[in-house]
Every structure is written in C-alpha cells, then in structure tokens.
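Please open the model in your viewer and keep the sequence panel beside it, since each stop on this tour begins with a selection. The stops run from single residues to helices, loops and a helix pair.

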Amino acid sequence: MNTPNYSLLLQSLWTPPTTPIPENSSSNNHPPEPTEITEFLGEELLYQQTIPATEPHLKTIPKDLPKQLIKALQSLGITQLYSHQIKALQAIRTGKSFILTSPTASGKTLSTYPGIIEGCINQEHRALAFYGLRALALDQFHKISQLLSTIPPKYRPVLAMITGDVKSDEREQILASEPHILGVTPELIHFQLKQVWKSPNWANFYQRLRYILIDEAHTLSGSYGANMAWLIRRIKLAVDHYGGDSQKLQFIFLSATCGNPKQLALKISGLKPTKLNPKPLIWLRKSGAASPPRQVIVTQPSYNLTADTARIIQFLLNQNKSGITFCNSRRSVREVTELLKSNQVTAFYSGITVERRAEVVNQLQSGIIKWIIATEALEAGIDLPELECCVLRGWPGSKMAYQQRSGRAGRSQPGITVLLPNAFNPIDCYVAEHPEMLVSGESEEVFFNDEYPIFAAKHLMCAAAETGIPTNKIKHYFGTAAFDVAKLLLAQGHLHKGRNGLWAKGYPHKDVNFRGGLSQTTIKLVDAISGEELEEISEDIAHREVHPQAIYKRQNAKGEMLTYQCISLDLNSKRAILKQTTDKAIFTVATTVSQTSSLTVLTDPVNLPLLFSSDSLEEKKQGEEEQKIKGKISHKTDIVVIGKSVKEEQRIKGKVSHPAPLSEVEECQEYLTLELSFGEVKHITSGYSLMTQIYEQTCLNKRCLNYKEPLPQQPRCPLCRKLTRKAVIVKTLSEAKFEQPFRTQFSAPMVKVTINSGAREYIQQFAKETRTSLTRSQEPIPSGYQQLWEYSSPFIAIHSFGHQIMRALQLVARVDPKQVNFTVVKELEENNNYIGYFYDTSDGGNGAAEAVFKHLPKLANVGRAIARDCNCHTGCAKCLIQHGCPDGNTALLKQMGLVLLDAVARPET
C-alpha cells in the first residue's frame with residue numbers, strides 16, 4: 001500500500017475559497033499567500049487579543065554578597081537583578097520562608113539560588129531541591145551548573161542530582177562528595193528515607209539541611225499534594241533525628257500559576273503562625289521581570305481537529321517560526337506528528353527514553369528541530385527560549401494548565417498562543433464562548449486533604465520504619481489527628497512500641513502511590529529484531545496501547561514515524577515485544593470499559609427525604625423557572641460520620657459512628673439513599689478495533705450523508721453542495737476480542753446514590769410534562785432538551801445531580817476536581833433504576849467521596865445556587881459539564897438535576 005505524501009497535502013487546499021473559483025481563472029491572479037496568522041485563519045478566527053510587553057524593574061546586586069558569587073553573576077552578564085529576585089534574596093538572607101508566583105520566564109532560578117549559594121558558602125548549609133519531573137530537574141541542573149562553574153573551586157558549593165535512574169551504589173558515591181545542593185524528585189526521598197540509618201553520608205546531609213525548595217508548587221494537588229505534605233513532616237523528623245534543627249528549615253516555593261499560593265505553601269510546609277513569628281511565610285507576587293508581547297488567538301471550534309492543528313503548524317513553520325504544540329493524549333501527539341511528516345518536527349511524551357529527551361532539547365537548541373509536538377510531559381517549567389509559538393490542540397482542562405503550556409513559548413521574544421477548541425467537547429465549546437477568560441481572572445485553586453486517615457496511616461508506618469517516632473512527639477510532627485490513627489495502628493499490631501517510641505517492620509513505602517495514579521508499574525517496549533529498548537510506559541497505558549496485535553507508533557532519531565505491531569505483552573516480565581511493520585496507515589483503538597462495585601460497606605444506608613414541591617409540575621406547565629420547596633424540614637445539619645476503616649490492606653480499621661436519622665423516612669414517599677463503602681474501580685480492556693485513516697477531500701457538514709466520506713477531487717459535496725475540505729477520514733477494518741481481558745483496578749471509598757420508586761415516578765412525570773410542553777409549543781426543541789427523548793429520565797436526573805454536586809464539592813469541601821468522579825450504572829433486571837457512584841480516583845482514597853457523604857445537603861444548596869446563577873439554558877462547563885466524565889457527558893440536563901438538588905437541599909441555619 002502506497003502511503004500518501006501528507007506533507008504535500010498539508011501545503012495545499014488548507015482553506016477552501018468562500019466563492020467558487022471560475023474555471024478559466026488565471027494562475028497569475030491568485031491572491032498573495034498570507035503572512036500573518038490572523039489573515040491565514042480568515043473566518044476560522046474567533047478571538048484575538050494582544051497582551052502588551054512589560055518593562056523590567058531592575059535593582060543593584062547587594063555588594064555584601066560573597067565576592068565570588070558576584071563575580072560569577074557578572075561573568076554570565078548579570079549585573080542587576082529584577083525587583084522580585086532581590087526580595088527573594090532578602091527573604092532567604094533573613095531566614096524567611098516564602099512562595100514566589102512570578103510569571104513564566106521571569107527568572108525564578110536567579111530568585112532563589114544566589115541566596116542559597118551564599119548560605120552554602122558562608123555557613124555550609126545544605127539545600128534539598130524538589131522537582132516534579134526528571135526533565136525539569138535536568139534543566140535546572142544545567143542552569144545552576146553554569147552559575148557555579150564560574151566560582152573558584154575553593155569556594156564553589158557542590159551540586160548534585162539524584163533521580164530514580166541513579167543506582168544505589170552511585171547514590172552513595174554522589175553523597176560522599178558532600179553536595180551542598182541536591183536536586184531530587186519527591187519519590188526518591190520518599191524511598192531513600194528508609195536507607196538513611198545505614199548511610200553516614202545521608203545522615204550528614206540531613207543534619208546540615210537548611211533550605212527545602214519546591215518548584216512548580218501548583219502541581220501539588222490531590223493525592224500528590226497530600227503525600228508531599230506528609231513527606232515534609234517525615235523530613236523534619238529525620239532532620240531532628242540526625243542532629244539537625246527542623247525549626248530552622250526555610251521553605252522556598254516557586255509557582256507560576258495558582259489561585260491560593262500562600263495557603264498551599266503553608267499546608268505543604270506545615271508552618272504555623274506563633275507569637276514570636278506571626279508571619280512564618282510570605283508571598284512574593286509582584287514581578288519585576290520584562291516580558292515580550294504575546295498574541296492570544298482562539299479559533300472556531302474544530303470538527304477536524306488534528307488536520308486543523310497540523311495546517312496551523314505548517315503555516316507557522318513556513319513563516320520560519322519555531323514552537324510547541326500540546327495535545328491531550330499520546331495518540332494525538334503521534335497523529336499530528338505523522339500528518340506533518342517533517343524532519344523539523346519531533347514528538348515528545350512521557351514514554352520516550354532519557355537519551356531521546358536530551359537529544360530533542362539539543363536538536364532544538366541547535367536549530368535542527370523547529371517544532372515539538374508534546375503531551376503534558378513538557379508542561380512544567382523547562383526553559384526553551386528558542387520557541388516562539390504555542391499551539392494547543394484542545395483545551396487542557398484548566399486555566400492553570402493553559403497558562404503553563406502557553407508559557408513554554410515566547411519567553412524571550414514576541415510570542416503567539418493559538419487555542420483550537422474541540423467542537424465535540426462541551427468544555428472546549430464553553431471556553432470558545434468565553435475566550436476572554438484566557439487573559440483575565442484568577443487561576444484555579446489547589447486542593448488536597450492531608451488529614452485523610454489513609455494518608456496518615458501510610459506515612460506514619462513509613463516514619464516508624466525510618467527513624468522511629470518518639471511517642472511524645474507524634475502530635476508535634478504529624479498533628480492531632482495522627483495520634484488517633486497511630487493508636488489504631490498500634491492496637492492492630494502494625495506499629496510497635498519500643499523504648500524509643502513507635503517502630504514498624506518491613507517496607508511500607510511501597511504502599512504509597514505518591515501521585516495517586518492507577519499504576520506504579522512500568523512496561524518496557526522492546527524491538528523484536530534488535531532487542532533495543534524503545535520506550536517505557538505505565539502498565540495501565542500498556543493495556544490500551546501495546547496489547548497483543550496493537551499498532552504502536554514512535555518517532556526515531558531521524559524524525560521518521562515508525563509503525564510497530566505488538567507481538568506479545570508479558571506483565572510478569574514487564575516487557576512488550578514490538579515488530580516493525582510497513583503499513584503506516586493502520587492503527588488500533590482498544591475497547592475499554594469501567595466497572596464500579598462496592599466491596600465493604602462502611603456505614604448503614606442513610607435515607608434522605610426528597611422534599612419535592614407539590615406544585616412544581618404545575619409551575620413547570622406555567623413556565624416558571626424557580627421551584628418552591630414546601631413542607632416542614634426536620635433536618636438542618638450536614639451528615640456527620642466519625643471515620644471508618646477501609647480494607648485490611650489499607651492498614652486501618654475502626655468502628656463506625658452512624659449518623660442519626662434525618663427524619664422519619666416512613667412518612668415520606670420519596671427519598672434518596674446514601675451508602676458509604678470501600679469499593680473497587682476496574683478498567684477492563686476486552687479487545688480492540690483495527691482501523692485505517694486517509695487524508696482526503698470530504699464533506700464536513702455533519703447533517704450530510706457524505707460527512708467524513710472520501711470525495712477525491714470534488715470541490716463541492718454532490719449531496720449538500722457545500723465546499724469540501726481536506727480531513728482525516730477513519731474507517732474500521734476489523735474488531736477482535738481477547739480471551740483474557742486486561743484489567744487495571746484500584747480500591748477506594750465510594751458513595752452509592754439511589755432513589756426509591758416514588759422518587760423515580762415523580763421524576764418520570766416531571767420529564768413527561770416537560771416533553772409535552774415542548775411538543776405543544778410547536779417550536780423547535782431547544783438544544784439540550786433532546787436528551788429527554790434519548791435517555792431514561794431517572795438516568796438524566798441522577799447523572800446531572802452527580803455532576804452538580806461535584807461542582808459544589810470544590811467550593812464546600814475544597815476537593816480537587818481530579819480527585820473524585822461520578823458514574824451512573826443501570827441496576828440489573830430493573831428498567832428505570834439507576835445507581836450513581838461518587839468515587840475517589842486514587843488508590844486507597846483521598847477523602848473526596850466521604851465529603852459527599854458528610855455534606856450532601858450543603859452541597860445541594862451550593863450546587864443549585866451555581867446552576868441557577870449560570871446564565872446558560874440547559875447546562876454548560878461552568879455548572880454541569882465535567883472534564884473526564886466516565887459517561888462521556890451524555891444524558892445531562894440542568895433542569896433535571898435541579899429537581900433533585902431542590903429536593904435534597906436544606907435551608908442554611
């Protein structure tokens with residue numbers, strides 16, 4: 001099969017003419033090629049705004065810094081510092097902890113390291129620098145090395161970096177050099193703390209530790225943030241245990257984008273105001289850095305996202321621009337890269353080897369590569385000043401992520417950011433309707449629940465196995481709540497009491513999934529012929545991308561996109577064997593479903609009376625928007641449950657204190673039942689579809705029978721007569737099932753939500769009245785209301801209710817939206833009985849689902865306020881649509897969710 005020359009195709013017929021070209025038109029009369037991106041986009045341009053440049057606010061470098069350090073800065077051409085860099089230096093010199101939230105490319109490295117280096121030179125202090133990604137650690141290592149290399153060896157602090165790639169004996173050699181500044185990932189220190197007792201070099205480092213630097217602090221949300229907070233507590237214990245003083249530790253947080261930076265830093269560091277130190281941490285927010293102008297562009301939502309992304313990249317490359325494109329999946333990265341077919345374009349994602357990553361950066365700096373197609377693996381603050389443009393294939397899910405991605409380009413020269421919303425994604429469409437949010441307003445806040453008992457149990461076990469925990473210091477290091485958890489672990493025999501305090505056996509560190517992902521196991525991808533290790537991916541991704549017969553694509557060092565077929569996937573040896581194939585147009589899509597089930601019930605079911613308005617159906621007929629709740633309300637407080645255990649594997653069990661009945665449910669005909677349990681979420685890959693794709697002229701009118709059908713050499717669709725356009729057309733060749741499906745599963749708390757038959761009857765009647773009213777109006781059915789004809793009304797009501805509760809959860813319980821999800825399943829042998837499940841998305845849980853169980857009436861109050869305050873008609877990304885919905889954001893209607901919200905909500909007391 002001959003592969004089309006996609007590069008040539010991309011350079012032709014990108015933008016169809018708005019009027020037919022006369023058959024006798026002369027080639028000499030063609031309009032000139034556009035040179036500006038806005039002109040190129042034409043009618044596809046939805047929004048354009050230019051963020052003006054800012055002038056620098058410079059200050060003189062303090063003369064009392066070590067002379068060697070001043071000379072080192074001057075040798076790099078640095079004779080002045082930005083105002084925020086001076087403030088950071090002053091804070092470090094005066095012993096203050098701080099968080100710095102200056103924009104991307106504002107010189108955060110020079111904000112922190114001059115002060116740290118001074119402390120290392122003058123007082124032999126030690127610094128521990130945390131970087132969330134190895135690539136980020138390498139980037140910072142290079143920058144700091146440049147500065148230190150100009151300091152005479154006699155005074156030069158020793159810089160070292162240790163990541164998970166460094167073997168144990170090499171780590172000891174590095175520590176033997178007595179590094180002053182040590183760059184690490186959080187996971188490395190989490191595991192390394194267990195080994196400190198047998199390493200004098202590590203013990204010496206902790207004894208002298210003074211500075212703890214945490215970069216990209218805004219990423220510390222959910223389980224990652226909670227585990228980081230507990231790791232800091234264990235570090236404090238280790239510092240004191242090995243002869244240091246944890247009270248003198250200084251915390252330095254760096255973050256470009258965050259809605260609640262000071263609260264985040266205080267929570268991670270554990271610093272609290274005292275009479276002697278009422279402000280233990282300060283927030284440095286005003287930047288003195290210069291910034292070039294940036295053009296922000298949003299296109300019309302695209303139904304042809306991959307091809308539209310590629311054509312914009314090709315245009316910018318033709319203008320001799322360099323840049324980066326962010327995609328929301330690895331598959332999209334490969335598709336865009338393959339469509340461009342240019343040796344100036346390379347793919348970058350988490351699975352590529354360390355060597356390949358370094359090669360990509362070097363080729364970019366040397367000009368061999370002009371454009372990177374990346375996943376979130378390049379979202380963190382790696383400095384790539386060569387890049388001018390940033391193209392986003394779809395909304396990344398949050399404004400924080402948008403700002404981080406946009407900030408990767410245009411750092412040292414005028415920049416361009418282009419967002420292409422996905423027309424099939426409701427959240428993308430919402431952003432397209434409100435593009436001003438990209439240049440105004442605050443970023444999202446960062447949430448995590450460090451008091452969740454599972455986090456406490458796991459990290460107490462780790463601390464007890466590392467240094468032991470002095471019995472009289474449990475509250476001092478770990479807080480009041482940890483004391484009760486420690487007593488429970490002691491009673492169960494997981495902790496032991498000795499002469500010097502609490503201790504634990506074994507290696508409990510392996511039970512901590514530090515970032516809360518589905519799998520900590522990785523699979524190596526190996527070439528069947530050469531035996532070369534090609535890439536490395538997590539096990540859950542391997543189930544979908546390298547199952548037997550799967551088609552896997554990767555880019556080699558020459559920029560060629562190679563196609564492989566998986567021969568075998570061995571989960572025991574953690575290897576997938578791939579063989580190269582010549583058919584480049586084929587690919588596979590795994591068939592994956594999710595299943596949710598309760599394993600251990602933690603509480604008795606709690607029935608909440610649903611106080612439906614007796615006249616709401618009549619009000620609906622009359623077209624009134626507000627529904628009044630009538631009748632006496634006997635319960636005015638949140639549900640309160642005093643903690644219960646999870647499974648034995650989670651190492652913590654306890655007695656359950658059930659909430660008192662909310663009312664005499666027998667007197668109420670309609671009610672909602674909540675049940676808190678410890679359950680299991682499974683992602684099952686049962687088979688795959690073999691598919692092919694071509695890039696051809698087609699009709700993009702979704703209502704036409706020729707939609708996405710090949711129409712070669714036809715300028716207009718023969719059916720609808722609309723102009724045709726180049727697009728990626730996908731066809732299914734075959735489907736297959738596995739004899740033994742691949743499963744990824746994790747256990748976590750979940751809340752089961754059901755409604756009784758009386759409530760279902762009410763909802764069905766409400767939906768029936770609504771359908772009748774819409775039909776009798778003889779007007780076109782409004783967008784969104786079609787759901788009432790397509791799905792069961794109880795399904796719509798429960799699904800919408802769950803989404804609205806999740807939206808309120810962020811405000812009421814400060815829960816990170818990525819840490820909880822909601823799905824609806826149909827009860828077996830029941831036509832209209834649907835069950836909703838709120839569940840934590842991290843193994844072992846994070847407290848989000850339990851917050852729903854405890855605060856549902858309050859959540860309903862806030863959820864209905866959000867829904868009614870939103871000016872949309874049937875639900876949007878602000879009040880209803882959720883990123884990552886397991887049910888694909890189908891069967892959602894704001895009004896149906898409000899029926900349940902109104903019935904559950906209780907007036908504020």
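Begin by selecting His84, which sits in helix α4 (residues 83-93) of what is a predicted model. His84 counts as buried because its relative accessibility is 1%, under the 20% that sets the limit for that word. If you display a polar atom of the side chain of His84 together with the backbone oxygen of Ser106, you will find the two 2.9 Å apart. Now show the surroundings of His84: leaving out residues up to four places away in sequence, His84 touches Leu100, Ser102, Ser106, Gly107 and Ser111, and also Lys286, Ser287, Gly288 and Ala289.

Before moving on, zoom out to the whole chain. The secondary structure comes to 26 helices and 29 strands, and of the 909 residues in the chain, 55% are buried. Among the contacts between residues at least 6 apart in sequence, 75% join residues at least 24 apart.

Next, select Glu178, in the loop between α7 (168-176) and β7 (181-184). Most residues other than glycine have a negative phi. Glu178, which is not a glycine, nevertheless has a positive phi of about 55°. With a relative accessible area of 39%, Glu178 is partly exposed.

Move along to His190, in helix α8 (residues 186-192). Is His190 buried or exposed? His190 counts as buried, because its relative accessibility is 0%. Display its side chain with two partners: the side chain of Arg234, with which the side chain of His190 makes a polar contact at 3.0 Å, and the backbone oxygen of His509, which lies 3.0 Å from a polar atom of the His190 side chain. Arg234 and His509 also appear among the residues that His190 touches, and the others, not counting residues up to four places away in sequence, are Leu231, Cys462, Glu466, Val512 and Phe514.

Two of those neighbours, Cys462 and Glu466, carry numbers that fall in helix α17 (residues 453-466), so select that helix next. The 14 residues of α17 should span 20 Å at 1.5 Å a residue, and the end C-alpha atoms are 20 Å apart, which agrees with that expectation. Colour α17 by accessibility and you will see a mostly covered helix, with 13 of its 14 residues buried. Following α17 comes Gly468, whose phi is positive, near 80°.

For another helix to set beside it, select α12 (residues 305-318), which has 14 residues and reaches 20 Å from its first C-alpha to its last, close to the 20 Å expected at 1.5 Å a residue. α12, too, is mostly covered, 13 of its 14 residues being buried. Just after α12 you come to Asn320, which takes a positive phi of about 65°.

Now go to Asp428, in helix α16 (residues 426-433). Asp428 has a relative accessibility of 3% and therefore counts as buried. Which backbone atom does the side chain of Asp428 reach? That atom is the backbone nitrogen of Asn422, at 2.8 Å. Leaving aside neighbours within four places in sequence, Asp428 is in contact with Asn422 as well as Gly394, Trp395, Leu420 and Pro421. If you add Gly397 to the selection and draw a C-alpha to C-alpha distance, you will get 8.6 Å between Asp428 and Gly397, which are 31 residues apart in sequence.

Continue to Arg721, in the loop between β26 (671-698) and β27 (725-755). The phi of Arg721 is near 65°, a positive value in a residue other than glycine. Arg721 is partly exposed, with a relative accessible area of 49%.

For the last stop, select helix α25 (residues 848-869) and helix α26 (residues 894-904), which pack at an angle of about 140° with their axes 9 Å apart. α25 passes α26 in a left-handed crossing. Show side chains on the α25 part of the contact, namely Leu856, Pro857, Ala860, Gly863, Arg864, Ala867 and Arg868, and these meet Lys894, Leu898, Leu901, Asp902 and Val904 in α26. Coloured by residue type, the contact of α25 with α26 divides into seven nonpolar residues, one polar and four charged.

How values were computed
Residues numbered from 1 in each chain as written. Predicted model: local features only at pLDDT ≥ 70, side-chain atom pairs only at ≥ 80, totals over all residues. Heavy atoms only, no water. Helix = DSSP H or I, 4+ residues; strand = E, 2+ residues; numbered from the N terminus. Buried < 20%, exposed > 50% of the residue type's maximum accessible area, 1.4 Å probe, protein only. Polar contact = N/O pair within 3.5 Å; in protein donor to acceptor, adjacent residues only side chain to side chain. Contact = heavy atoms within 4.5 Å. Axes fitted to C-alpha atoms, helices over the stretch in contact; angles between N-to-C directions. Left-handed = near helix turned anticlockwise from the far one by under 90°. Nonpolar A, V, L, I, M, F, W, Y, C, P; charged D, E, K, R; others polar. Expected span 1.5 Å × (residues − 1).
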